[in-house]
Amino acid sequence: MTTKTRYFVVGSMLTLAIGLGVGLVAYSVGFSTSAFTREGGPAELQFVPANASLIAYADVHDVMASDLRQQVRSAFPMKEDGQHEFQNQTGINIETDIDHVLVAIVPTGEETGRMPGSPIVLARGQFDQVKIEALMREHGAQVEDYKGTRLVVGEAADGKPSLSLAFLEPGLVAVGSHLLIRGAVDLKSGGSSIAANGEMMGLIRDLESGHAWAAGRFDALTSRANLPDGVSQQIPGITLFSASANIDSGIRGTFRAESRDEASATSLRDVVRGFLALARMQTSARPELASMLESLQLGGTGKTVALSFDLPPAMLDALVSLGRHRQGTLAPQQ
Amino acid sequence: MMAASPANRRPSFVSSVLRIFDLSLSEMLWSRRSVFLALLVGGPVLLAVVSRVVWMFVPNESLRINGGAVSGASIFGLMIWLLYVRFIVPILGVFYGTSLIADEVEDRTITYLFTRPIQRGAVLVGKYLAYLACTVLLILPSVMVVFFLMVPVGGGSIAQMFPSLLADLGMLAAGLAAYGAVFAWVGARVKRPLVAGLVFVLGWEPAVLLFPGYLNRATVAYYLQGLVPHAMPQDSTMSLLLQTFADMPGILPSLVALVVLTAGALWFAARTVESREYVLEQ
């Protein structure tokens with residue numbers, strides 16, 4: 001073997017070894033997009049219990065300021081009475097005061113409608129603490145002190161669990177059941193939060209770039225969905241799901257499902273592919289819908305199935321005009 | 001009884017293979033064909049570098065295919081399918097596999113190898129191993145570089161995709177081994193092996209894979225596709241037909257089939273070289 005060849009072999013093997021080493025470290029430590037990013041997830045996750053089955057996040061500020069929102073607002077003008085009333089009562093302007101919201105569903109055993117657990121809402125922004133507390137007191141709420149944090153405990157009505165509120169940090173309000181808010185206060189001083197749940201954090205780390213995202217256990221979605229037996233049996237074994245969307249002048253998003261095994265993922269891909277093919281056949285005569293379907297991309301690796309979509313501004317314009325047209329044709333009949 | 005002198009002792013099969021491997025690896029790496037190999041391997045890397053640079057300057061604009069936004073991880077999967085599995089691996093198998101013996105015949109240098117006190121089969125196996133080392137050491141680092149450049153684009157996770165990278169590397173090595181062995185046999189047996197190889201790779205395999213039935217089992221691609229961990233791309237009508245009609249074998253049957261195919265083709269190739277009389281054209 002010549003020296004030149006020996007250098008080539010060593011260089012090539014070194015490249016492979018370094019790549020495998022970095023990948024292995026990333027895999028075992030759980031780095032996200034690269035080996036040099038932070039751990040991931042919004043800071044409010046530290047107040048969410050480790051057993052939360054569903055977590056959703058929305059960057060309210062960015063969504064409200066997006067071109068898309070302005071477009072929808074001008075296309076379908078809505079009454080803002082409710083928003084003004086909410087602002088008068090709480091001092092919170094949804095458009096400007098809330099930066100982002102994190103909602104988690106935690107299986108506590110308390111029944112909350114058709115939800116698979118109790119929700120806890122963590123909103124970060126600028127809040128008038130005194131005004132909010134006064135408003136809740138007007139509606140019969142009591143204020144109590146729990147581990148140095150003021151808890152505003154609402155009155156229980158119609159057998160439903162009472163709604164509580166607490167300011168966990170300056171600019172961070174938590175709203176939820178009494179049990180969950182006390183739990184959040186407990187987690188403030190440490191404890192096992194969702195950040196210690198590797199399975200969920202693995203999903204959340206990959207969603208950070210989205211303006212809005214949700215991740216959770218799939219059974220949490222289907223358990224209260226009252227799906228017909230035939231349908232629920234046909235859904236291949238999905239264990240976890242995640243969805244994220246980026247909103248500016250258009251919407252780009254991805255839905256990702258983690259299945260029990262690779263066979264389930266393959267059959268799920270086949271099902272989705274079948275639906276896409278069927279939808280493409282149905283919309284072949286309607287270019288505005290056909291181009292939307294073209295933007296759907298099926299992907300995924302191993303046990304993951306991913307479906308991404310992209311609605312550019314032009315496509316949204318077409319959908320908005322389609323909506324207007326429908327409104328126009330329906331109006332005389334009403 | 002007199003022991004055979006070291007000069008007259010015939011080397012074992014393994015040491016003959018290693019000697020030929022050592023000799024052929026440098027020849028193979030620094031030949032004219034390497035320019036072609038470098039272009040093939042450099043193409044995906046260049047594409048990944050360009051995509052990464054574009055993404056660095058416009059991070060909010062996601063990469064698009066047919067107007068649809070796709071993540072870097074999806075593009076990596078797409079590149080594995082379209083560039084490596086469907087093109088680079090079979091083409092390299094054809095060009096290098098068929099030339100293992102054919103080049104020596106064409107250059108009339110096979111006599112020098114066959115007059116050495118080594119088994120003829122060892123010549124083929126040694127050259128085959130040199131081909132495998134040469135291609136594996138070029139393609140796998142190229143895939144590695146493409147992986148690290150593409151997957152983080154659009155928020156992809158290296159950690160999450162790492163197991164599939166390992167599967168990709170294994171799959172590509174298995175593909176190179178299988179295609180190389182099959183075309184080594186073709187090269188040892190057929191007079192114009194390159195034409196036959198190109199017809200097989202660019203004609204027979206894509207055509208047969210489209211039809212339902214058992215014909216697709218007479219291809220290497222059928223078993224190789226069973227090992228690809230990424231979803232098959234929806235790039236064309238052909239892919240749609242492939243997804244609709246072709247059944248994908250499982251990982252274990254695919255692996256077993258590729259191992260049997262590689263070992264069988266290599267054995268037949270060695271047997272052919274052992275028994276065939278090569279007539280050198282003057």
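In this predicted model, the secondary structure of chain B consists of ten helices and two strands. Along the sequence these elements follow the order α-α-β-β-α-α-α-α-α-α-α-α. Chain B has 282 residues, of which 48% are buried. When contacts in chain B between residues at least 6 apart in sequence are considered, 85% of them link residues at least 24 apart. The mean pLDDT of chain B is 81, and a value of 70 or more is reached by 83% of its residues.

The largest nonpolar core comprises 87 residues, and the members that touch the most others are L124(B), A181(B), A184(B) and A269(B). At least two residues of this core come from each of the following helices of chain B: α1 (13–29), α2 (33–57), α3 (72–106), α5 (120–150), α6 (158–189), α7 (193–209), α8 (221–225) and α10 (251–275). With residues up to four places away in sequence left out, A181(B) touches Y128(B), T262(B), A265(B), L266(B) and A269(B). Another core, of 56 residues, lies apart from the largest one and has L54(A), M200(A), W213(A) and I238(A) among its members. In soluble globular proteins, nonpolar side chains tend to be buried together.

Chain A contains 13 helices and twelve strands. Of its 334 residues, 31% are buried. Among contacts in chain A between residues at least 6 apart in sequence, the share that joins residues at least 24 apart is 61%. The average pLDDT of chain A is 76, with 77% of the residues scoring at least 70. Among the elements of this chain, strand β1 (residues 54–58) has the highest mean pLDDT, 88, and helix α10 (residues 229–234) the lowest, 61. Over residues 32–39 of chain A, pLDDT stays under 50, and the model has 14 contacts beyond four places in sequence for this stretch. For the complex, the predictor gives an ipTM of 0.80 and a pTM of 0.57.

Several strands of chain A pair in the antiparallel sense. Strands β1(A) and β2(A) run antiparallel and are joined by five bridges; here L54(A) has I105(A) in β2(A) as its bridge partner. L54(A) is also listed among the members of the 56-residue core. Strand β2(A) (residues 98–106) pairs in turn with β3(A) (residues 118–125), antiparallel and over eight bridges. Within this pairing, I98(A) stands opposite G125(A), and the bridge partner of H100(A) is R124(A). Strand β3(A) also pairs with β7(A) (residues 172–177), again in the antiparallel sense, over five bridges. In that case V121(A) is bridged to V175(A) of β7(A). In a regular strand the side chains alternate between the two faces of the sheet.

Helix α11(A) spans residues 262–282. At 1.5 Å a residue, its 21 residues should cover 30 Å, and the end C-alpha atoms are 30 Å apart, in agreement with that expectation. The buried residues of α11(A) are A265(A), L268(A) and R269(A). Seen down the helix axis, these buried residues fall within an arc of 105° and therefore line one face of α11(A). On the other side of the helix, G274(A), L278(A), M281(A) and Q282(A) are exposed. The elements of chain A that cover the buried residues of α11(A) include strands β9 (238–247), β10 (251–259), β11 (297–299) and β12 (304–311).

Residue D206(A) is located in the loop between α8 (198–205) and β8 (212–217) of chain A. D206(A) counts as buried because 25 other C-beta atoms lie within 10 Å, where 20 or more suffice. The C-alpha atom of D206(A) is separated by 9.3 Å from that of S244(A), a residue 38 places away along the chain.

Terms used. Residues numbered from 1 in each chain as written. Chains lettered and ligands numbered in written order. Predicted model: local features only at pLDDT ≥ 70, side-chain atom pairs only at ≥ 80, totals over all residues. Pairing = 2+ DSSP bridges. Helix = DSSP H or I, 4+ residues; strand = E, 2+ residues; numbered from the N terminus. Buried ≥ 20, exposed ≤ 12 C-beta atoms within 10 Å, placed from the backbone. Expected span 1.5 Å × (residues − 1). Arc of directions from axis to C-beta. Contact = placed C-beta atoms within 7 Å. Core = buried A, V, L, I, M, F, W, Y, C linked by C-beta atoms within 7 Å. pLDDT = per-residue confidence, 0-100.
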